[in-house]
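Subject: Structure for you to look through

Dear colleague,

Please find the structure below, together with its sequence. I would be grateful if you kept it open while you read, since the notes that follow are meant to be checked against it.

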Amino acid sequence: MRRSSTFARQVLLVRVGRRDGDLRTTDLALPEHRYADRQRRRYGLDRLSRPPIDATRAEIEAVMPVSPALPMMHTDEATARSIPLLPGERTVARRMKFGVVNACTLASLMLGMLAIFLAMQGQVRIAALCLIACVVFDGLDGALARRLGVASPFGAQMDSLADMCSFGLAAPVVVYASLAGSVSTAAAAVACALVAACAAIRLARFNVSPKDGRFFCGVPTTMAAAVLALTVAIGLPVPGPVLVAGVALLAFAMVSSFPYAKLARLVKMPPWLWLAPVIGALVDIRLTFALIVVGYLVSGPVLWLRQRRTA
């Protein structure tokens, strides 16, 4: 009986680390292992073969679960990821230039908010003029940033957020206020909501897409807002349903893949080509504006078909 109990204790013997933070897993020890291990503990050889505490902790941290939302990083990595708002040397002159550029961006944003307030009070044409001023400031901040050498990722993100507020929200609100009474509320709301949704998609796609120096991929948000603002400002004599269809078409043109020429390419056209719109504006500015808008919208599919044939 005694032998059997001794054998049972030998089979069920559990080795547990007691000193130096030994965190070994529990296992079953056979008798020959037990006596072999006893000699190592007697002469202090077991301490030499044990892994150090730091190595054991490193193994434990390696298998610890880590939340994907909060990645583990060292202090050096966190410091390296912090990007300054203005890259390059931080002199007083460059900071002042940086402030002027961002002031133009904020001016575009504030004018967009003012356009919303004016549209809510029924002053639609003045609100449309505020949107045209937003377009001017939006082009001014980018040109100044490149000219003064203070272009930065922060400025690009600020410009996108201001464009979304001014051209993605303020422009549809102004158009919705101008359509009140001429079409049904549901139709005007759907068309203006399409403009807001397509503007957000267009701006997000522009931020993550490679830039082309010749063409835009889809109608730019700034140009679409300028078309809507000028349509309201000059009071284009078009029936309400046609205006709603035109607004929806312009919204889809923003998220299309058709190539549209940039303003820099249009400016480089031969001077005699500018005589036709100038003379047309003197005769009938509304008809000339409508023809220019339709011609620009049609140019995208035409260029797309031409590129497919030559490819």
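The model is a predicted one, and I would like to start with a single residue in it, Asp159, which, once its neighbours within four places in sequence are left aside, is in contact with Thr105, Asp138 and Asp141. Asp159 has its place in helix H8, and its C-alpha atom is separated by 9.6 Å from that of Cys104, although these two residues are 55 residues apart along the chain.

Turning from that residue to the chain, you will find 14 helices and two strands. The chain has 311 residues, of which 30% are buried, and its accessible surface comes to about 20,500 Å², with 67% of this belonging to carbon and sulfur atoms. If you take the contacts in the chain with a separation of 6 or more, 74% of them are between residues 24 or more positions apart.

Where are the nonpolar residues gathered inside the chain? The largest nonpolar core has 44 residues, and those with the most contacts inside it are Leu131, Val174, Val175, Val219, Leu228 and Met254. Several helices each supply at least two residues of this core, among them H6 (92–120), H7 (124–148), H8 (153–179) and H9 (185–208), and also H10 (221–234), H11 (240–254) and H14 (285–310). The largest share of the core, seven residues, comes from H10. Apart from this core lies another one, of five residues, which include Phe98, Val101, Ala145 and Val150.

Val219 is a good residue to select on your screen, and, leaving aside neighbours within four places in sequence, Val219 is in contact with Arg202, Ala224, Ala253, Met254, Tyr260 and Leu297.

Two alanines are also worth a look. Ala225 lies in helix H10, and it counts as buried because its relative accessible area is 2%, which is under the 20% cut-off. Not counting its neighbours within four places in sequence, Ala225 is in contact with Phe167 and Ala171, while its C-alpha atom is 9.5 Å from that of Leu250, a residue 25 residues apart from it in sequence. Ala251 is found in helix H11 and is buried as well, with a relative accessible area of 0%. Beyond the residues up to four places away in sequence, Ala251 touches Leu194, Val195 and Cys198, and the C-alpha atoms of Ala251 and Thr221, which are 30 residues apart along the chain, are separated by 9.1 Å.

Is Leu275 buried or exposed? Leu275, which is found in helix H13 (residues 275–283), is exposed, because its relative accessible area is 52% and the cut-off for exposed is over 50%. Leu275 is part of a nonpolar patch on the surface, formed together with Met269, Trp272, Leu273, Trp274, Val278, Ile279, Leu282 and Val283, and this patch has about 970 Å² of accessible area.

Finally, an unreviewed UniProt entry carries the annotation "transmembrane region" for residues 100–120, 215–236, 242–261 and 273–298. In the model, residues 242–261 are 65% helix and 15% strand, with the end C-alpha atoms 26 Å apart, whereas residues 273–298 are 88% helix and 0% strand, with the end C-alpha atoms 18 Å apart.

With best wishes

Note on methods: Residues are numbered from 1 along each chain as its sequence is written. This is a predicted model: local features need pLDDT of at least 70, side-chain atom pairs count only at pLDDT 80 or more; totals for chains, interfaces and linings use all residues. Side-chain values use heavy atoms; hydrogens and water are left out. UniProt positions are given in the numbering used here, feature names are shortened, and annotations may be inferred rather than shown by experiment. Helices (H or I, at least four residues) and strands (E, at least two) are DSSP runs, numbered from the N terminus. Patches are made of residues with over 30% relative accessible area and no salt bridge: like charges are joined within 9 Å, nonpolar side chains (Val, Leu, Ile, Met, Phe, Trp, Tyr) within 5 Å. Accessible areas come from the Shrake-Rupley method with a 1.4 Å probe; for residues, only the protein chains shown count as cover. A salt bridge is a side-chain nitrogen of Lys or Arg within 4 Å of a carboxyl oxygen of Asp or Glu. Buried means under 20% relative accessible area, exposed over 50%, partly exposed in between (1.4 Å probe, protein chains only). A nonpolar core is a set of buried Ala, Val, Leu, Ile, Met, Phe, Trp, Tyr and Cys residues joined through side-chain atoms within 4.5 Å. Contact means heavy atoms within 4.5 Å.
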